[in-house]
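Please look through the structure shown here with the paragraphs below at hand. They are meant for a reader who meets it without earlier acquaintance.

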Amino acid sequence: MTPLIVLLVLVVLTILMTVKVVPQQTAYILERLGKFYAVLQPGINFIIPFFDRIAYKYTLKESAVDIPEQICITRDNVQVRMDGVIFIQVIDAKKAAYGIADYTFAVIQLAQTTMRSEIGKLDLDKTFEERMTINRAVVEAIDEAATGWGVKVLRYEIKNITPPQTVLNAMEKQMQAERERRAVILQSDGEKQAAINVAEGQKQKVVLESEGLRLRQINEAEGEAAALRSVAEATAESIRLVAQAIRTDGGVEAVQLKVAENYVDQFGKLAKAGNTLIIPANLADIGSLIATALTVVKSEQKK
């Protein structure tokens, strides 16, 4: 029984050593007698026990690698602390195994040196504005070098940029001054706009008042003209009626009587107006005055 059990155990171990199951998105590097033989693909793979061995195992998934914080010096000689994260992916397991000893360590070192180089090209103020430029430069530099390592650099992101405390205090004062300047500008713009609105309102008021005065004067002039026309038309109509009345029978006698009444009436009013009475020299000759007036009337009728 004992030899049989030992034999069964050896058979099972041999089968286990012969069959290798590679998970999805994983690559195994197979060496035969110490030399690269093949890259085992996901699924069931068969190897020769004691001759073949799995030398390296790599995940083909995208992975994130932390870039430790480091001190960088900007172009204007300010020290800033920076860290980041880089996303890489193994695309060639053979190159990753034999192209470099530790591609993760190499990527970290290259990212740090590239980041220091890029920060040295920029002033402190620009480092906050040019994050995308720095990220792109780091990716391009590492991706070019990592081609021979079987690694693809997908993207790089700066996590933190920390200037010294003195610089932070100066930046805070600068931002405060900038906010105050903007507040003053906004206030002055508001006052300017208010003054413009008041002036515009006064202008419109003067224009409307002058327009109203002009319309009023026009209306008054048109009213006076209409009144004058009415008076003139009424006077003309009365004159025509008097002339028609004179042409009728007894018209001349009526005119004589009217003239005499008006003459006497006007002297009566003159006597009431004051203590002095002016009497014409020919007051007794009223008949001759009436005759003169009638002569004028008759001459007008002949015309």
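The paragraphs that follow begin with the whole protein and then turn to a sheet, to its aromatic residues and to one residue in a helix.

The model is a predicted one, and the protein in it has 303 residues, of which 23% count as buried. Eight helices and eight strands are found in the protein. Its accessible surface comes to about 21100 Å², and 60% of that surface belongs to carbon and sulfur atoms. When contacts between residues at least 6 apart in sequence are considered, 63% of them join residues that are at least 24 apart.

A good place to begin is the open sheet, in which three strands are arranged in the order 3-2-5 with antiparallel pairing. Strand 3, residues 35-40, and strand 5, residues 52-59, stand at the edges with a single partner strand each, so that one side of each has no neighbour in the sheet. Neighbouring strands here are turned against each other by 25° on average, if direction is ignored.

Strand 2 covers residues 26-32 and pairs with strand 3 in the antiparallel sense over five bridges, while seven bridges join strand 2 to strand 5, again in antiparallel fashion. Individual residues make this arrangement easier to follow: Y28 stands opposite L40 in strand 3, and Y28 also stands opposite K57 in strand 5. Further along, L30 stands opposite A38 in strand 3. Strand 2 and strand 3 form a hairpin with two residues between the strands, and in this hairpin L33 takes a positive phi near 55°.

Is strand 2 enclosed by the rest of the structure or left open? Six of its seven residues are buried, and therefore strand 2 is largely enclosed by the rest of the structure. As background to reading any such strand, the side chains of a regular strand alternate between the two faces of the sheet.

The next topic is the aromatic residues. A pair of aromatic rings is described by the distance of the centres and the angle of the planes. The structure holds four aromatic pairs. In one of them, the rings of F36 and Y98 have centres 5.8 Å apart and planes at 80°, and because planes over 60 degrees apart count as edge-to-face, the pair of F36 and Y98 is edge-to-face. F36 lies in strand 3 and Y98 in helix 2, residues 93-98, so this pair ties together parts that are 62 residues apart in sequence. F36 has a relative accessible area of 26% and is partly exposed, and Y98, at 38% relative accessibility, likewise counts as partly exposed.

Y98 also forms an edge-to-face aromatic pair with Y56, at 5.8 Å centre to centre and with 85° between the planes. Here too distant parts of the chain are linked, since Y56 is in strand 5 and Y98 in helix 2, 42 residues apart. Y56 counts as partly exposed, at 32% relative accessibility. Which residues make up the aromatic cluster? F36, Y56, Y58, Y98 and Y103 form one aromatic cluster.

Aromatic rings also appear beneath arginine residues in this model. R32 lies over the face of Y37, at 3.9 Å from the ring centre. In another case R155 lies over the face of F87, where the distance from the ring centre is 4.3 Å.

The last stop is T114, a residue of helix 3, which spans residues 103-119. Is T114 buried or exposed? Its relative accessible area is 9%, and since buried means under 20%, T114 is buried. If neighbours within four places in sequence are left aside, T114 is in contact with A137, V138 and A141. T114 and E140, which are 26 residues apart in sequence, are 9.8 Å apart in space from C-alpha to C-alpha.

Notes
Residues numbered from 1 in each chain as written. Predicted model: local features only at pLDDT ≥ 70, side-chain atom pairs only at ≥ 80, totals over all residues. Heavy atoms only, no water. Pairing = 2+ DSSP bridges. Helix = DSSP H or I, 4+ residues; strand = E, 2+ residues; numbered from the N terminus. Axes fitted to C-alpha atoms, helices over the stretch in contact; angles between N-to-C directions. Phe/Tyr/Trp six-rings, centres within 6.5 Å; stacked < 30°, edge-to-face > 60°. Buried < 20%, exposed > 50% of the residue type's maximum accessible area, 1.4 Å probe, protein only. Lys NZ or Arg CZ within 6 Å of the ring centre and 35° of its normal. Contact = heavy atoms within 4.5 Å. Areas by Shrake-Rupley, 256 points an atom, 1.4 Å probe, with all protein chains shown as cover.
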